[in-house]
Structure formats: structure tokens, C-alpha cells
Amino acid sequence: MRSRATPASEALTRRARAALPGGVSSPVRAFFKVGGAPIYLCRGQGACVEDEDGNAYLDFCLGWGALILGHARPEVVEAVRRAAGLGLCFGAAHRDEVELAGLALSAYPWAERLRFTVSGTEAVMTALRLARAATGRTKILKFRGCYHGHADGVLVGAGSGLVTQGLAESAGVPDGVTGDTLVAPLGDLEAVDLAFKLYGEQIAAVILEPVPANNGLLIQDRAWHHALAQRARQAGALLLYDEVITGFRFGFQGYGARLGIEPDLVTLGKILGGGLPVAAVLGRARLLDQLAPLGAVYQAGTMAANPVALAAGLATLRVLEGGEVYRHLEALGRALDAGAEACAARGGPRIHREGPMFWPLFSEVRPREAAQIPAPAAARYHAAYGGWLERGLYLPPSAYEVGFLSAAHRLDDVDRLLEGLPPG
Ligand SMILES: *Cc1c(COP(=O)(O)O)cnc(C)c1O
């Protein structure tokens, strides 16, 4: 393979850094952890992306998981074209919001209502506001290593000890806001019990990613999930599954259905928009109908349920509904498992996987909690990253993000990944 040259990306990076903080619109895109300048992507087709210099990569980042069908899936592109021709924005009721809400709710048979937002961040904000209004309580319990968007109250995860009063992970977030966020380690029932013992009557909601995938892939035991759900119920706290990353990823159903757990509220994003900005919160009518205009919980959005964005989501979910994509993804996942040992034997990372999400970790440790991730493993990921780009593999530019497989990947793409992961 010819050596990769990136003069166009480098030139754009210089201009970007003069105009955008860090040259980016979202921090990890800056490539600060993996060194070098970011690559400027300009085209995506199937499982491949191309940068401004004409270098092609197999994409395992896929818009941070939004593109479960891969890039430019014909049904999705056609739906977006059609919708764009009919009107970019109405800011009014329209047919596709009824269609997409119905289709999304069909995957969550216990839920009755859905409210669209533009981002996962907003969906979580709305869900927490609803939970607080419905319970008349103020505190929330979250887990270290779970990401729920960039709203003040959930930008918390640091701290030590069993249960901590949240410490903001960002400047500009006042203690008054994070003081109502309790943080416990994932998988730790003792900490959950302590939280309920100390604050039981005050906890409005327990929020978690059912498959924590924003701080590495921290897969939890089924038994812990059940115990957590039971503790929340007992204390009168609502259970909020933040499925922005897991929703529609493992099948046309919620992750709760896989666990045999019915949460009270679910947030969706990423796949729901098929690559365009769509997110949502869903739940039973008695909760969701507390939203304005029916109820006293205010929430709104100029761009909420934008028709072009919804068209992409609707086309995506219609493909997923058939089930074929999930069978294909499982076959890819099994191929990844099958080659994982040989990859590790060649000095590559261990591959942790849950469905089509995978996490390459340069360690023998199987972390279940953010604090168990060895720092040197992250350093090795970051050091290996440049080589992956050279070998035409585009993975998330941070050791703490997970990779994704899509309907557009083929078995030989998985082989290329396994071949290319061991540092040269
Ligand atoms: C991506 C993500 C969010 C935030 O969604 P945005 O659309 O980026 O605001 C929230 N929760 C989880 C679990 C996510 O993966």
C-alpha cells in the first residue's frame, strides 16, 4: 500500500483551528489523544469513508454508531432526497412524525408515547425533568463511566468512595446542579443500596446505559440489572434506560426486553435518525403526557422532528424492522470473536464485544467498571492509532470509545480489521 499523505486534511486543520475551538465541533474529533491532525472526511459509501486527500478507510466509527446500515444506504438517501424536495423544515405537525413514533414504539410494546428531540442530550434532559416532575423528587442516581450527553446535571462521573455527591467533570457547571446527582460504580449493588439508604426518598430516577459503551465497553451482569431495577422500584424511583447508543442496535426491541426488565423511561438517538439528528424519549402515557402542551413539564424544539431528519430515521427503521440486518450483524460479530485470539496472539488488542459494538483493549483485564481500565491500555491504543489509519482502518480516535459493525460490512472487512489491529 502506498504511504498515506494528508496535505489537504492538514491544511484544513490549520484553518479550522483558527475558527473553531480545537478545530472541531465536538472534542474527540480533534484527534488530540491519538496525535497527528484529524482526517477530513468528505465521502462515505457502504462501509468505507474517504478523506479530502483521497485516502480510503474501512469505517468502524460510523458516525459514532448512528449508521447501522452503513453510509449512503440507497433507501435512506432516496427518502432524504424525497423529503428535502417536499420541504426542509415545517416547524409544524407532519406525517412522518406519526409514522416514526409508531414504528419506534412498536419496538417498546409497554410504552405508549414518544417525544422527539434533536439530540440525545436533550432527550436525557427531558427524561430527567419528567422523572423529577412525576416523582416530586430532585436527586438522580447515575453510574461512573456512563455518558448521558453534555447537560450540566449529568456531566458528572468522577469521585471516589462508594457513593459520591457528583463532582462536575466540566468547568462552568455549578455545584448546585451536580449536587443532586449521585454517582455509584457500575456493577456495585452495595453502592446502590447505600445510595437508597441515604437518599431513598429523594431519588427521582436511576439512569444508566444498559450496555455502558461510552467509557470503553463495560458489560454488566444480568443479575445486577435485575437487582438495580428492583431497588429502584422499591424506592419509588423511576428507571431510565439511556438507549441512545443501544437502541435498535441488538434487535428491533429495547435492551430491557433482552434483560426481561421494563424501564419507566427510555431515551433514543443515533440509529433513530439514521445519520441525521433525531432523538426521543419514550414511556407510558401517564408519564409522557405530563409534557407540555398536556402537562406542566415544558419541552420544545424548533428543529424537533425535522422532516428530512425523520425521513432518514424512518427509512432506517423500516430496513431494520425486517430483522435481516441483525442476523448479518451477528454473523459479523461471531467472525470477530473467531479471529480475536489470533489477533491478540500477534500483539493486537483483546476484543470485547456485545452485538455489533466492539472495544479493542490492550490488556488482559476484563473491566466491569471505569476505574478498572488500565491507563497503559489506553496509551497503547493511542499509539497504535496512526498505524490503523495507514492500514486503512478508521476506528474511534479515543481508547474509551467503542467501534461498530454495520449492515454494509462484509466478513472480509472483519478479517481486514483483525489483520490490521496488531501494531506493525
Ligand atoms: C451519544 C449519547 C448521548 C448523547 O447524544 P447526543 O446526540 O450526542 O447529544 C447520550 N447518551 C448516550 C448513551 C449516548 O451514547
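I take contact to mean heavy atoms within 4.5 Å, and with that in hand I begin with the whole chain of this predicted model.

**Entry 1: the whole protein**

I looked up how contacts are spread along the chain, and found that residues 24 or more positions apart account for 72% of the contacts in the protein with a separation of 6 or more. I then counted secondary structure, which comes to 14 helices and 15 strands. For overall dimensions, I noted that the C-alpha atoms fill a box of roughly 65 × 55 × 45 Å along the principal axes. The radius of gyration is 21 Å, which agrees with the value near 22 Å that a compact globule of 424 residues would have. Buried residues make up 56% of the 424 residues, and the accessible surface comes to about 17600 Å², of which 54% belongs to carbon and sulfur atoms.

**Entry 2: the nonpolar cores**

Which residues touch the most other members of the largest nonpolar core? I found that they are Phe143 and Phe248, in a core of 114 residues. Helix α11, residues 307-321, gives the most to this core, with 10 residues. Apart from this core lies another, of 18 residues, and I wrote down Val154, Leu238, Leu240 and Val281 as being among them. Going back to Phe143 and leaving aside its neighbours within four places in sequence, I listed its contacts, which include Val183, Pro185, Ile207, Trp224 and Leu228.

**Entry 3: a sheet of four strands**

I traced an open sheet whose strands follow the order β1-β2-β3-β14, with mixed pairing. Strands β1 (41-45) and β14 (393-394) stand at the edges with a single partner strand each, so one side of each is left without a neighbour in the sheet. Strand β2, residues 48-51, pairs with strand β3, residues 56-59, in the antiparallel sense over three bridges, and I noted that Glu50 stands opposite Ala56 in β3.

**Entry 4: helix α14**

In helix α14, residues 411-420, I marked Asp413, Val414, Leu417, Leu418 and Gly420 as buried. As general background, an α-helix has 3.6 residues a turn, so residues three or four places apart point the same way. What do the buried residues of α14 pack against? I found the strands β3, β12 (350-354), β13 (357-361) and β14, together with the helices α12 (324-345) and α13 (375-390).

**Entry 5: Pro396 in its loop**

I next looked at Pro396, which lies in the loop between β14 and β15 (403-404). Is Pro396 buried or exposed? Its relative accessible area is 1%, and because buried means under 20%, Pro396 counts as buried. Leaving aside neighbours within four places in sequence, Pro396 is in contact with Phe60, Cys61, Trp64, Tyr381, Tyr385, Glu401, Val402 and Gly403. I also checked Pro396 against Ala257, 139 residues away along the chain, and their C-alpha atoms are separated by 29 Å.

**Entry 6: aromatic rings**

A search of the whole structure gave me 11 aromatic pairs. In one pair, the rings of Tyr108 and Trp110 have their centres 6.4 Å apart and their planes at 85°, so I recorded the pair as edge-to-face. Tyr108 counts as buried at 2% relative accessibility, and Trp110 counts as buried at 12%. I also noted a cluster in which ring pairs link Phe31, Phe362, Tyr381, Tyr385 and Trp388; Tyr381 and Tyr385 had already appeared among the contacts of Pro396.

Key
Residues are numbered from 1 along each chain as its sequence is written. This is a predicted model: local features need pLDDT of at least 70, side-chain atom pairs count only at pLDDT 80 or more; totals for chains, interfaces and linings use all residues. Side-chain values use heavy atoms; hydrogens and water are left out. Rings of Phe, Tyr and Trp (its six-membered ring) pair if their centres lie within 6.5 Å; planes under 30 degrees apart count as stacked, over 60 as edge-to-face and the rest as tilted. Buried means under 20% relative accessible area, exposed over 50%, partly exposed in between (1.4 Å probe, protein chains only). Two strands pair if DSSP finds at least two bridges between them. Helices (H or I, at least four residues) and strands (E, at least two) are DSSP runs, numbered from the N terminus. The radius of gyration is taken over C-alpha atoms; the globule rule is 2.2 Å times the number of residues to the power 0.38. Accessible areas come from the Shrake-Rupley method with a 1.4 Å probe; for residues, only the protein chains shown count as cover. A nonpolar core is a set of buried Ala, Val, Leu, Ile, Met, Phe, Trp, Tyr and Cys residues joined through side-chain atoms within 4.5 Å.
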